[in-house]
Amino acid sequence: MKYVILIHSNPQPWGHPTGDYVAEVQALPKEQREKMNSDFEKLLGELQERGELLGGEALGDPAASMLYRWKSGEPTSTDGPYAESKEHLAGFFSIDVESQERAEEIAAGFAGPGETVELRPVMVFGDDGE
């Protein structure tokens, strides 16, 4: 079963890892921040070893994005971000796991202070195109 883990955050200034730039994380004691970073690196290593991590990417500042829409019969573009929002899509990871329960367990490990993690199944189309 394939899933995507979407990381929503709003670091100030925009940077990665996002936790280094989120006020909620910066307010934590240094030892706790270091443990969180270590635990996350351990999780990523375990996912790689088990073959569950398909990939992932950090995304750039939403202020640098371009939006494309269809208007009056043709595409038009505007500067991003899409909407004024407290949080923006900061990055994503793709996983392939045996069950929804395993995906939920993994997604919980991606959650951190000041961020929202979204777990979403990837649509798989059959050989008949459905």
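**Entry 1: the sheet**

I began at the start of β1, where K2 stands opposite D96 in β5. The model I am reading is a predicted one. I then took the next residue, Y3, and found that its bridge partner in β5 is I95. I looked up the whole pairing too: β1 (residues 2-9) and β5 (residues 88-96) run antiparallel and share 8 bridges.

I turned to the other partner I wanted to check, β2. It is joined to β5 by 5 bridges, again in the antiparallel sense. I noted one pair here: G56 stands opposite F93 in β5.

Then I asked myself in what order the strands of the open sheet lie. I read β2-β5-β1-β6, 4 strands with antiparallel pairing. Which strands stand at the edges? They are β2 (53-58) and β6 (116-121). Each has a single partner strand, so one side of each has no neighbour in the sheet. I also noted the twist, which averages 20 degrees from one strand to the next.

I looked for what packs on this sheet and found helix α3 (residues 100-110). The helix touches β1, β5 and β6. Its direction makes about 20 degrees with that of β1.

**Entry 2: S9**

I stayed with β1 and picked S9, which lies in that strand. Is S9 buried or exposed? I put S9 down as buried, because its relative accessible area is 0% and the cut-off for buried is under 20%.

I checked its side chain for partners. The side chain of S9 makes a polar contact with that of E115, at 3.2 Å. I also listed what S9 touches, leaving out residues up to four places away in sequence. The list holds W14, T18, V22, E87, H88, A90, G114 and E115.

**Entry 3: the loop after β1**

I moved into the loop between β1 and α1 (23-26), where P17 lies. P13 has its place in that loop as well. I checked the peptide bonds before both prolines. The bond from Q12 to P13 is cis, with omega near -5 degrees. The bond joining H16 and P17 is cis too, with omega about -5 degrees.

I looked up how open P17 is to solvent probing. Its relative accessibility is 48%, so I count P17 as partly exposed. I had met E115 in the S9 entry, as the side-chain partner of S9, and I checked how far P17 lies from E115. Their C-alpha atoms are separated by 12 Å, although the two residues are 98 apart along the chain.

**Entry 4: helix α2**

I went on to α2 (residues 30-50), which has 21 residues. From its first C-alpha to its last, the helix reaches 30 Å. That is close to the 30 Å expected at 1.5 Å a residue.

Which residues did I find buried in α2? L43, L44 and L47 are buried. They cover an arc of only 95 degrees around the axis, so they sit on the same side of α2. The general rule helps here: an α-helix has 3.6 residues a turn, so residues three or four places apart point the same way.

I checked what the buried residues of α2 pack against, and noted β2, β5 and α3. I then looked at the face turned away from the buried side. That face carries the exposed residues E31, K35, E41, K42, Q48 and E49. Just after α2, I found G51 with a positive phi of about 75 degrees.

**Entry 5: R102**

I returned to helix α3, where R102 has its place. I wanted to know whether this arginine is buried or exposed. R102 is buried, because its relative accessible area is 13%.

I looked for a polar partner of its side chain. The side chain of R102 makes a polar contact with the side chain of E105, at 2.8 Å. Leaving out residues up to four places away in sequence, I found that R102 touches L47, R50, E52 and V97. I had already noted L47 as one of the buried residues of α2.

**Entry 6: S72**

My last stop was the loop between β3 (66-71) and β4 (74-79), the place of S72. I checked its backbone and found a positive phi of about 55 degrees, although S72 is not a glycine. Its relative accessibility is 72%, so I count S72 as exposed.

Terms used:
Residues numbered from 1 in each chain as written. Predicted model: local features only at pLDDT ≥ 70, side-chain atom pairs only at ≥ 80, totals over all residues. Heavy atoms only, no water. Pairing = 2+ DSSP bridges. Helix = DSSP H or I, 4+ residues; strand = E, 2+ residues; numbered from the N terminus. Axes fitted to C-alpha atoms, helices over the stretch in contact; angles between N-to-C directions. Contact = heavy atoms within 4.5 Å. Buried < 20%, exposed > 50% of the residue type's maximum accessible area, 1.4 Å probe, protein only. Polar contact = N/O pair within 3.5 Å; in protein donor to acceptor, adjacent residues only side chain to side chain. Expected span 1.5 Å × (residues − 1). Arc of directions from axis to C-beta.
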